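Good morning, and thank you for making the time. I would like to walk you through one structure, slowly, and I will explain the terms as they come up.

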Amino acid sequence: MTPSSQAPSASASPPSAPGAGCVAGRAQITVSPGDPVRRQVCVRPGTVVALVLSPRADGKRWTAARSSAPALVLVTGRQVAADGTAHVSLRTAGTRGGSAEITVSAKEPDLAGTGGVGFTLAVTVTPYAREG
């Protein structure tokens, strides 16, 4: 996973210490054809994540984005550009910790039906340590 240069670096695997390597504030995750269909990211509460999914090589279009735990990670927006690039906006809860899976579906543009999951982002929200 490669967050944008504007965001702090994030680890592609679970951090070794709770909260180590978690992204805070804003992060951008870009998915290109040939990348793994599942990624993990660790974020702090209140982080806004921009997920950019390049057009698929198999001709399928990105159609929907869903969160397994909307109270923890909410899909706040989804747009598909004319070139097939999908932009998904995510916002994490302000204080809660936990994990959620964001699934993005893809299907042929001219076929009816729901399509299948084309990409999954496993999001772990790690609260800041409390003093006292």
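**A strand with two faces**

Let me begin with strand β6, where the side chains alternate: Ala86, Val88, Leu90 and Thr92 point to one face and are buried, whereas His87, Ser89 and Arg91 point to the other face and are not buried. In a regular strand, side chains alternate in this way between the two faces of the sheet. When I say strand, I mean a DSSP run of E with at least two residues, numbered from the N terminus, and by buried I mean under 20% relative accessible area, with exposed being over 50% and partly exposed in between, computed with a 1.4 Å probe on protein chains only.

Before going further, please keep in mind that this is a predicted model, in which local features need pLDDT of at least 70 and side-chain atom pairs count only at pLDDT 80 or more, while totals for chains, interfaces and linings use all residues. Residues are numbered from 1 along each chain as its sequence is written, and side-chain values use heavy atoms, with hydrogens and water left out.

**The sheet around β6**

Where does β6 sit in its sheet? Four strands form an open sheet with mixed pairing, in the order β1-β3-β6-β5, and here two strands are said to pair if DSSP finds at least two bridges between them. The edge strands, each pairing on one side only, are β1 (26-31) and β5 (73-80). On average, neighbouring strands of this sheet are turned by 15° against each other, direction ignored; the axes behind that value are lines fitted to C-alpha atoms, and such angles run from 0 to 180 degrees between N-to-C directions.

On one side, β6 (residues 86-92) pairs with β5 in the antiparallel sense over seven bridges, and Gly77 stands opposite Ser89. These two strands, β5 and β6, form a hairpin with five residues between them, and Gly84 in the turn has a positive phi of about 95°. Strand β3 also pairs with β6 in the antiparallel sense, over six bridges. His87 takes part in both pairings, as the bridge partner of Val52 and as the bridge partner of Gln79.

**Thr92 and Thr47**

Now let us follow β6 to Thr92, which lies in this strand and counts as buried because its relative accessibility is 5%. A polar atom of the Thr92 side chain lies 2.8 Å from the backbone nitrogen of Thr47, and a polar atom of that side chain is also found 3.3 Å from the backbone oxygen of Arg44. I use polar contact for a pair of N or O atoms within 3.5 Å where, within protein, one must be able to donate a hydrogen and the other to accept it, and where residues adjacent in sequence count only if both atoms are side-chain atoms.

Thr47 itself is placed in the loop between β2 (38-43) and β3 (48-53), and is Thr47 buried or exposed? Thr47 counts as buried, because its relative accessibility is 0%. Its side chain has a polar atom 2.7 Å from the backbone oxygen of Arg44, and the side chain of Thr47 also reaches the backbone nitrogen of Gly25 at 3.5 Å.

**The core and the disulfide**

Turning to the interior, the largest nonpolar core has 25 residues, of which Leu51, Leu53, Val73, Phe119, Leu121 and Val123 touch the most other members. Such a core is a set of buried Ala, Val, Leu, Ile, Met, Phe, Trp, Tyr and Cys residues joined through side-chain atoms within 4.5 Å. At least two residues of this core come from each of β1, β2, β3, β4 (61-67), β6, β7 (98-107) and β8 (116-125).

Leu53 lies in strand β3 and counts as buried because its relative accessibility is 0%. Leaving aside neighbours within four places in sequence, Leu53 is in contact (heavy atoms within 4.5 Å) with residues including Ala86, Val88 and Phe119. With the same kind of exclusion, the contacts of Val123 include Val41, Val43 and Val73.

Finally, the structure holds one disulfide, defined as a pair of cysteine sulfur atoms within 2.5 Å, and this one joins Cys22 to Cys42 with an S to S distance of 1.8 Å. The pair links distant parts of the chain, 20 residues apart, with Cys22 in the segment before β1 and Cys42 in strand β2. The link is right-handed, with 50° about the S-S bond, and both Cys22 and Cys42 are buried.
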